[in-house]
Structures are given as structure tokens and as C-alpha cells.
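This report looks at how a bound molecule and a metal ion are held by the protein around them. Please keep the sequence and the structure in view while reading.

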Amino acid sequence: MMDIKLKIIDRFNKELPADTRTDTARRQVTEACFSFVKPKVPSNPSLVHVSPEMLTILGLDTTIATLEKFLNVFSGAEILTSTQPYAMCYGGHQFGNWAGQLGDGRAINLCEVEHLQKNWTLQLKGAGETPYSRSADGLAVLRSSIREYLCSEAMHHLGIPTTRALSLMLSGDMVLRDMLYDGNPENEKGAIVCRVAESFIRFGNFEIFTARGDVKTLKKLVDFTIEHHFPHLGAPSKETYLRFFQEVAHRSLAMVVHWQRVGFVHGVMNTDNMSILGLTIDYGPYGWLEGYDHGWTPNTTDRTHKRYRFGAQPQIVLWNLLQLANALYPLIDEAEPLEKILMEYKEAYPKAYQAMMLKKLGLKTQQQEDFGLITDLEAVLQVSETDMTIFFRYLANYKKDGSIPGIEVVQEAFYFPDEIQGKVQEQWEQWFLNYSNRLQQEALTDVQRKGGMNKVNPKYVLRNYMAQMAIDAADTGDYTLVDELFQLLKKPYDEQPEREKWFAKRPDWARHKAGCSMLSCSS
Ligand code: AMP
Ligand code: MG
């Protein structure tokens with residue numbers, strides 16, 4: 001009989017110190033990296049969607065998702081033999097302030113598995129209370145679970161480092177949520193996503209020990225992380241710790257450059273939401289730029305200060321790295337080399353950003369005037385509400401000989417085409433003139449340039465209104481749209497003529513609808 005045959009090789013919960021208690025009473029957990037905890041048994045689990053690709057990656061047969069056992073294991077109803085689920089202890093800086101202990105309040109790690117020389121941690125999000133649930137219930141609703149499930153897979157297919165998702169299930173239980181924080185809580189369908197990543201360790205996992213002066217446990221966790229996730233860095237030493245920090249800085253930089261490339265706004269870049277592996281993690285009130293705007297954040301909780309707005313993301317990564325540097329400091333005892341690495345980030349980011357933007361513009365060489373070309377474009381994109389994704393995709397159709405006016409080429413990207421007149425029109429014309437001149441210095445043909453641009457400028461992204469449509473349908477038990485978007489987003493750079501309707505500006509009805517532009521953290 002077919003069974004769930006996973007090669008289980010647990011390390012985190014075997015090699016690191018555990019909390020001595022195993023109940024879920026809220027508490028401060030000290031001198032421990034995690035607490036053993038069992039997922040809540042859902043009353044009536046049912047499958048909403050499964051990722052065949054992730055099944056294969058884990059070495060599972062793609063037909064396995066039809067088994068009751070699969071339903072049970074990945075909804076938390078049944079625990080795989082010889083595994084010991086656990087919730088991680090971590091702290092974090094939230095919106096710029098130290099928040100103390102946070103931890104996996106609604107995520108429960110099932111086990112670690114190995115397949116084809118790769119290690120994966122399987123984690124259920126929304127699987128019930130843990131010692132870290134604070135005043136909340138440990139659960140997740142269908143709405144936020146669909147958003148996480150679809151977006152994490154979409155990010156992967158965009159070529160962006162991210163945690164993945166294996167399955168999405170309904171728990172069969174209802175969960176009370178005040179989505180708009182307006183005092184009108186409603187019952188929503190509870191759901192559970194099985195997330196998958198090499199590791200879910202965050203900056204905050206290290207910060208918590210330093211904040212408590214617990215250098216002993218800090219060292220254990222750092223050594224563990226290097227041994228299993230950065231083995232090429234060598235045996236523990238001050239130099240190794242510095243190389244570790246440097247690599248985390250490099251990976252985090254690469255991640256945020258990708259975010260800026262595709263217009264992804266994470267929404268809650270607290271240090272507990274920063275993966276030590278440089279993965280995009282914790283999909284909450286994220287969003288995708290529609291109108292290009294450096295000042296935009298989808299997160300209603302951040303509406304006033306906009307700390308985590310699109311244009312600030314690279315700076316916030318640096319700020320978060322500084323917190324990580326502080327957390328690692330007790331093992332290194334010297335501030336200077338850590339500061340040097342932070343300085344390197346500061347210098348490397350603008351270069352990496354410019355190189356990325358040149359690719360978006362289809363430019364192979366680098367010229368003096370490119371900095372101006374990029375900043376001028378950013379400015380004019382903001383002046384007239386212009387859809388980022390559609391703009392760059394149409395820009396690839398621009399002809400080097402200037403035979404079609406640029407504004408005409410990208411016409412479809414403007415939310416208010418009638419407003420492209422007067423000064424705004426002049427600004428656009430000037431930019432296209434500069435772009436056209438710049439293209440003359442390139443050897444690429446129009447066709448070659450377009451080919452290159454379409455590899456970095458996605459045609460399809462998970463706009464919030466699209467996710468919301470899938471959510472509304474799924475809420476009535478219709479999962480076809482979840483699957484349609486799942487399939488669509490597997491090939492974000494490809495032309496998909498049969499799915500062309502998703503290559504469109506945000507419709508007017510979605511401009512102010514809840515879940516379609518702004519989102520709350522309530523999930
Ligand atoms: P977030 O900003 O969503 O990543 O969450 C911040 C902290 O709140 C983490 O420690 C989460 O585990 C915790 N948390 C969020 N939602 C819940 C919930 N429904 N139940 C328990 N803990 C939660
Ligand atoms: Mg989080």
C-alpha cells in the first residue's frame with residue numbers, strides 16, 4: 001500500500017536545547033531553541049490544493065495527496081511516527097522596536113526530511129496554540145492561507161529565494177477574525193498551509209539569546225546554523241562567524257534586489273520575518289506595486305509611518321542586518337569587522353540595484369548616463385499612475401529606431417491615459433528620447449533586447465485583487481481559481497495567450513476593496 005515515505009532526518013529538535021515543558025501555556029522560554037508541541041487536531045480536514053512539484057521535491061508520489069493519511073498528516077490530525085513536532089523560540093524587532101520573545105505562535109514544525117541531498121523542514125502554519133501564541137489562537141484563516149500558498153510558489157517561479165508551500169487544507173473549524181480592526185469580528189474558515197524550506201530560522205532566533213545575555217545558547221544555535229546550512233564556511237571561529245554574517249548580508253541583499261525588480265512589497269519586514277537563509281518568509285499583508293510608487297505599502301497597520309514602503313525595503317534590510325550584527329556581536333567581540341560588512345552592503349546595494357534596472361531596461365552595457373536614466377524613469381513613473389508590471393512588459397516592444405512613439409508603446413500601462421498631456425507628456429517624451437539615444441549605443445537588435453527584458457520583467461504577478469477573487473470563490477467551495485492562478489504563476493515570464501486576461505491593470509472595483517489594495521495583519 002502506498003504510504004508517506006519520507007526520509008526523516010531531524011536535526012534542529014535533536015541537536016539543540018529544548019524547553020523542558022511541553023504544554024502550551026504561554027511563557028518565557030529560556031535557554032532553549034524550541035518547545036515540543038503537538039498540532040491541534042482539526043475537526044474535518046479537507047484538501048484545497050497541493051503542489052505536485054513540491055511532492056516531487058520531497059520524494060513523494062504525486063498521487064499521494066488522495067490518501068487519507070496525507071490529509072491527516074498535513075492538517076495536523078496525525079503525527080508521523082518517529083517525529084517530534086516543535087515550535088521555535090525567537091524574538092524580534094517589530095516596526096523598529098525590540099518586542100522581546102515572539103516565537104512560532106501558530107507555526108508548528110513537523111520534521112526535517114532529506115531528498116536528493118537536500119534538506120527540508122516541513123511546517124504547518126495555522127496548526128494551533130504553542131507557548132508562543134501570546135494572546136492569540138494559533139490559527140490561520142483561508143483568506144491569508146491562500147495568499148501565502150499562492151504567493152510563495154509564485155515567488156519561487158519568479159526566481160526569487162523563498163519558503164515554499166506543499167499543501168493547503170481547510171481545518172473544518174471556524175476562526176474568529178476582525179479583518180478590518182473595526183470591532184466587527186466574523187467567523188471565517190480555518191486553514192492550514194504546509195510550508196517547506198531548508199530552514200525557518202530567522203534573525204530573531206539569534207536576537208532573543210543576545211537580548212537575554214544567554215551567549216551559551218546563542219553559540220549553540222550559530223554553530224548549528226553554520227554546520228548545517230553554511231557548511232562551506234568551515235569550523236566555528238570568529239572568522240567563520242564574520243563570514244557567516246557576510247553571507248547572510250549578501251543573500252539578504254540579493255533577495256531585496258529581486259523584490260524591487262518585480263515590485264513586491266513584503267509589508268512586515270520585522271526582524272522575526274527575516275530568514276537567515278535570505279528567503280522571502282511570512283507572507284502576510286504583502287502586495288505588488290500596481291501604480292509604481294516608492295511610498296506604497298499594502299499594510300494598513302503601517303499606514304501612518306510607512307516604515308516598510310516599497311522604496312524603503314533595501315534600507316530596512318540594512319537596519320535588520322544591523323540588529324543581526326548586534327545579536328552576533330557577543331561571539332565576535334569586535335564591532336569594526338561587523339560594521340565593515342554593513343558598509344559593504346551600503347555600497348553594494350546601489351550597484352546591484354542599477355545592474356538590475358539596466359536589465360529591466362534591456363541594456364547590456366553600462367554607461368555614465370544610466371544612473372540619470374533610471375532615476376528619471378522612477379520619477380516619471382510616479383508622476384503619472386503607471387502600472388509597473390505592464391509598463392516594463394510593453395517597454396520591451398519599443399523600437400530602437402523610434403518609429404513608434406514611446407508613450408504609445410506603453411499606453412496600456414497608464415491608469416489615466418487622458419492625464420498624459422502637458423508637462424507630464426513632455427517628461428515622458430524626454431525620457432523616451434534619452435532611452436532611444438541610449439539604445440543606439442547597444443549592439444542588441446530589438447528582438448534580442450525584448451527577449452532579455454522578458455526574462456526579468458514578469459508578465460504575470462499575483463496582484464492582490466487576483467488573490468482576492470480566488471479567495472472569494474474558495475470561500476464558497478470553488479477552488480478552480482486557486483488552481484488557475486497556481487498554474488498561471490508557474491510561468492510568470494511566458495506569454496500565456498489563453499490566460500491573457502490576467503495581464504491587465506487592477507480593475508476599478510478593486511481600487512478600494514478590502515484585500516485588494518490594503519490589507520491588515522489580522523489573518
Ligand atoms: P507576523 O508579524 O504575522 O509574522 O507575526 C508576529 C508574531 O505573532 C509571531 O510570533 C507569530 O507567531 C504571532 N502570531 C501571529 N498570528 C498569530 C495567531 N493567530 N496565533 C498565535 N500567534 C500568532
Ligand atoms: Mg512572522
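## The pocket of ligand 1

The largest pocket is the space that ligand 1 takes up, in what is a predicted model. Ligand 1 is surrounded by 17 residues, and the closest of them are Gly103, Gly105, Arg134, Gly138 and Asn273. By residue class, the shell around ligand 1 consists of seven charged, six polar and four nonpolar residues.

## Polar contacts of ligand 1

Two nitrogen contacts come from different parts of the protein residues: a polar backbone atom of Leu139 lies 3.2 Å from a nitrogen atom of ligand 1, and a polar side-chain atom of Arg177 is 3.2 Å from a nitrogen atom of the ligand. Asp282 contributes through its side chain, where an N or O atom is 3.2 Å from an oxygen atom of ligand 1. Of the 480 Å² that ligand 1 exposes when taken alone, the protein buries 81%.

## The magnesium site

The magnesium ion (ligand 2) has Asn273, through OD1, and Asp282, through OD, as its protein donors, at 1.9 to 2.2 Å from the ion. Both Asn273 and Asp282 are buried.

These two residues also link the ion to the pocket described above, since Asn273 is among the residues closest to ligand 1, while the side chain of Asp282 has an N or O atom 3.2 Å from an oxygen atom of ligand 1.

Notes:
Residues numbered from 1 in each chain as written. Chains lettered and ligands numbered in written order. Predicted model: local features only at pLDDT ≥ 70, side-chain atom pairs only at ≥ 80, totals over all residues. Heavy atoms only, no water. Donors = N, O, S within 2.8 Å, 3.2 Å for Na, K, Ca; no water. Buried < 20%, exposed > 50% of the residue type's maximum accessible area, 1.4 Å probe, protein only. Near = heavy atom within 4 Å. Polar contact = N/O pair within 3.5 Å; in protein donor to acceptor, adjacent residues only side chain to side chain. Areas by Shrake-Rupley, 256 points an atom, 1.4 Å probe, with all protein chains shown as cover. 1 Å grid on protein atoms, 1.4 Å probe; cavity = no way out; pocket = protein on both sides within 12 Å on 5 of 7 lines; lining within 4 Å. Sits in = over half its atoms within 2 Å of the grid points. Nonpolar A, V, L, I, M, F, W, Y, C, P; charged D, E, K, R; others polar.
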